[in-house]
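Biologist: I spend my days at the bench and would like some help reading a structure. Could you walk me through it, one feature at a time?

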Amino acid sequence: MSTSGLPALPAAPASGRSDVAARLRDALLGASFTADGLLELLGAPAYAALARSETVPALRATRGDTPLEVLVRLFLLQQPVPHARVAGVLPVDACLESGWLVRVGGDSKDDVAATVDVRPYGGPGGEDWFIVSDLGCAVGGAGGIGSRDEGVVLGVGGASTTLAGITVRTPVSAALDLGTGSGIQALHAAQHATRVTATDLNPRALHITALTLALSGAPAADLREGSLFEPVRDDEKYDLIVSNPPFVISPGARLTYRDGGMGGDDLCRTLVQQAGERLNEGGFAQFLANWQHVEGEDWQDRIRSWVPRGCDAWIVQREVQDVTQYAELWLRDAGDHREDPAEYQARYDAWLDEFEARKVKAVGFGWITLRRTGAAVPSVTAEEWPHPVEQPLGDAVRAHFDRLDYLRAHDDAALLAGHFKLAAEVVQEQVGLPGAEDPEHVVLRQHRGMRRATKVDTVGAGFAGVCDGSLSAGRILDAIAQLVGEDPVLLRDRTPAQIRLLVEQGFLEPA
Ligand SMILES: C[S@@+](CC[C@H](N)C(=O)[O-])C[C@H]1O[C@@H](n2cnc3c(N)ncnc32)[C@H](O)[C@@H]1O
C-alpha cells in the first residue's frame, strides 16, 4: 500500500518516563491541552465546528500567545509556529529530534510544524487522552478527508465513538482490536483488559496506535500487521473482540481505512464468521458493519446466515440508504465531489454499476454483537432500531445477553414462578383520541439504554405496573384475572409470551 506521499511519523515510543511521548504528554497536560481545556478556550460553537473539520472559528479564537493557543495552532490547526514560542511550551528540541515536529519557514527555518494531528479526547472516566492521526485527517466524514493517499490514518469519527460506546466494558484478560487505525478502540480496551492486541493491514496505523497509547499514558499493546484474523494464531482466544472495519461496499479498493478490498459485504461477513472460533466461552465480539439489501432477499436472513456456530447474536440495523445516497456519501467522504466533474460522474457510475451487478437495492448500517455460549440452541435477534439511543450502551448490550440466558433457562412454568421488576425509567403512555374513555393502546417507553417503546394490552400494562419483585408473575396474573373477571388459567396460559417479550426487550428485569 502506498504511503509515500505522507510525512514521516514520530519515532515509535520507548518505555519509561524519559521517552519523548511521555514528556510531550506532561507538557500537553500542563498547558491544559485537554477536551475540557479546549472547550473553555474555544467556546462550544468553535469546539463543535472543529469536530466537523471547520477550522475558521478556532483560528479566530486562538490569535493570542498563551501556551494552550500555541498548542491548538500547532496540533489541531496545523499552523507553523515560531520555534521560540513553542520552546516555552514543549520540549521542542526533543520533539524535533524524535519527529513530532519539523522545522519549516523558508530559509530561516524559524518555525516549527507538527508531523501528526494530536487531538485531546476525554475518556469515559474523565481520563485525558490524545488521539494521533495523519495531518488533516482527524475527522473523516461528509467534509471529505484531507489526503488521497491510500494508507492515510484517520482520527476519531462518529463510527469510532459509536463502537466505543456499545462495547461491553467488563474487566477481561484478553482483548483484540481488529483494524485499529488511530488506536482509539485499543485505548478504551486498555482500561479493562489485561492484554490488548491491536491489528491492522496498514503498518502506518500500527505505528500511530503506538503513539496514541503512549501519548495517552496507556499501556503498550501487542501490535500485529495483517489482514483480518491472519495475525492471530489458531490457538489464541479473546474475551473481547472489537472492530470498526473498512466496511464500505465500494466498486474497488482505494482507501485502506474504509474500503475492505473484498467484493460487496464479504469483508464484514468474513469478519463475523471467523470471530466465533477466536472467542473464549462467554466472550463478546462487537462490530460495526454494512450489509447489502439484495433484490428478493430478506436482509435479516442474510445477516443471520453470517452468525458463527456456538454464538448468540444481536444484530441492530440502525440505518438504510438507497444505493444513490450510499454512493454519494462515500464519494464525498473521499472528497471526490471537489474534483473534476467528469471524474466524479465516472466514479458515481462505477458505484451504481457495481450495485446493479450485485442486484443491490440498498445498504444497511448497523451493529453486530456475538457472544460465545455453550447453548445448544443459540439465540439470534435481528432487528431494525433507527431511533436515538442513550450511549454508552455497553451495559445494556451485556444485559441483553444476560436476559437471553435467563429466558433460555426458563420455560413458561418457570417464568410464571419468577419475580420481575419494572426497569428504571420506564413510563406508560396512553394513545387514543382526546376525551375517549379508554385508550386505543398503551405504550411502555424506556428512557434509558435503547430507549425502546412497545405496545402492550391492558393486562400487560397492569402486570408491568405491579412488578416490584415481591410477587411471582403467576400470582400477579391471578390477581389481575380476578380484577378483570377473566379465567386465571387462561390468563396464565396466554400471558407468558408477552412477559417473555417484555423481559427480552429490557422492560422487565428478573428480580
Ligand atoms: C474504519 S477504520 C477504523 C479505525 C479505528 N479502529 C476506529 O474505530 O476509528 C478501519 C481500519 O481497518 C484497517 N484495515 C483495512 N483493511 C483491513 C484488513 N483487511 N484487515 C485488518 N485491518 C484492515 C484500516 O487500515 C483502518 O485502520
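Modeller: Happy to. Let's begin with one residue: Gly-366 lies in strand S12. Keep in mind throughout that this is a predicted model.

Biologist: Is Gly-366 buried or exposed?

Modeller: The general idea is to look at relative accessible area, where under 20% means buried. Gly-366 has 7% relative accessibility, so it counts as buried. Leaving aside neighbours within four places in sequence, Gly-366 is in contact with Phe-287, Leu-288, Ala-289 and Trp-291, and also with Val-316, Gln-317 and Arg-318.

Biologist: How far is Gly-366 from Gly-125, in sequence and in space?

Modeller: In sequence they are 241 residues apart, and their C-alpha atoms are separated by 26 Å. For another pair, take Arg-358 and Gly-264: with their positions 94 residues apart along the chain, their C-alpha atoms are 7.8 Å apart.

Biologist: Where does Arg-358 sit, and what does it touch?

Modeller: Arg-358 is in the loop between H14 and S12. Not counting residues up to four places away in sequence, Arg-358 touches Gly-263, Gly-264, Gln-292 and Val-294. Its relative accessibility is 31%, so Arg-358 counts as partly exposed.

Biologist: Now backbone angles, please. What should I expect of phi and of peptide bonds?

Modeller: As a rule, most residues other than glycine have a negative phi, and most peptide bonds are trans. In this model, Lys-359 has a positive phi, near 55°. Lys-359 is found in the loop between helix H14 (341-357) and strand S12 (360-372). Ser-32 also has a positive phi, near 60°. Ser-32 belongs to the loop between helix H1 (20-30) and helix H2 (35-42). With a relative accessible area of 37%, Ser-32 is partly exposed.

Biologist: Which two residues does a cis peptide bond join?

Modeller: Gln-391 and Pro-392 are joined by a cis bond, with omega about 0°. Pro-392 is in the loop between strand S13 (380-384) and helix H15 (394-409).

Biologist: Which residue could we look at in strand S13?

Modeller: Thr-381 lies in that strand. Its relative accessible area is 14%, so Thr-381 is buried. Apart from neighbours within four places in sequence, Thr-381 is in contact with Ala-313, Trp-314, Ile-315, His-400 and Glu-504.

Biologist: How do I read a buried residue that has a polar side chain?

Modeller: Look for a polar partner. Ser-243, in strand S9 (residues 238-243), is buried, with a relative accessible area of 0%. A polar atom of the Ser-243 side chain lies 2.7 Å from the backbone oxygen of Leu-178. Beyond neighbours within four places in sequence, the contacts of Ser-243 are Leu-163, Leu-178, Leu-271, Gln-286, Phe-287 and Leu-288.

Biologist: There is a ligand too. Which of the residues around the ligand come nearest?

Modeller: Of the 18 residues around the ligand, the nearest are Ser-160, Gly-179, Asp-200, Ser-227 and Leu-228. By class, the shell has 7 nonpolar, 10 polar and 1 charged residues.

Biologist: Which polar atoms should I check around the ligand's oxygen atoms?

Modeller: Go through the N and O atoms one pair at a time. An N or O atom in the side chain of Ser-160 is 2.7 Å from an oxygen atom of the ligand. For Asn-244, an N or O atom in the side chain is 3.0 Å from a ligand oxygen. With Gly-181 the partner is a polar backbone atom, 3.3 Å from an oxygen atom of the ligand. As for cover, the ligand taken alone exposes 600 Å², and the protein buries 93% of that.

Biologist: Finally, which domains does UniProt list, and how do I relate them to the model?

Modeller: Take each span from the record, then look at the helix and strand content there. The unreviewed UniProt entry lists "domain: DUF7059" at residues 31-107. That span is 56% helix and 8% strand, with its end C-alpha atoms 30 Å apart. The UniProt entry places "domain: Methyltransferase small" at residues 173-290. There the chain is 25% helix and 31% strand, and the end C-alpha atoms are 29 Å apart. UniProt also gives "domain: DUF7782" at residues 399-510. Residues 399-510 are 48% helix and 25% strand, and their end C-alpha atoms lie 11 Å apart.

How values were computed: Residues are numbered from 1 along each chain as its sequence is written. This is a predicted model: local features need pLDDT of at least 70, side-chain atom pairs count only at pLDDT 80 or more; totals for chains, interfaces and linings use all residues. Side-chain values use heavy atoms; hydrogens and water are left out. A residue is near a molecule or strand if one of its heavy atoms lies within 4 Å of it. A polar contact is a pair of N or O atoms within 3.5 Å; within protein, one must be able to donate a hydrogen and the other to accept it, and residues adjacent in sequence count only if both atoms are side-chain atoms. Accessible areas come from the Shrake-Rupley method with a 1.4 Å probe; for residues, only the protein chains shown count as cover. Ala, Val, Leu, Ile, Met, Phe, Trp, Tyr, Cys and Pro count as nonpolar, Asp, Glu, Lys and Arg as charged, and the others, Gly among them, as polar. UniProt positions are given in the numbering used here, feature names are shortened, and annotations may be inferred rather than shown by experiment. Helices (H or I, at least four residues) and strands (E, at least two) are DSSP runs, numbered from the N terminus. Buried means under 20% relative accessible area, exposed over 50%, partly exposed in between (1.4 Å probe, protein chains only). Contact means heavy atoms within 4.5 Å.
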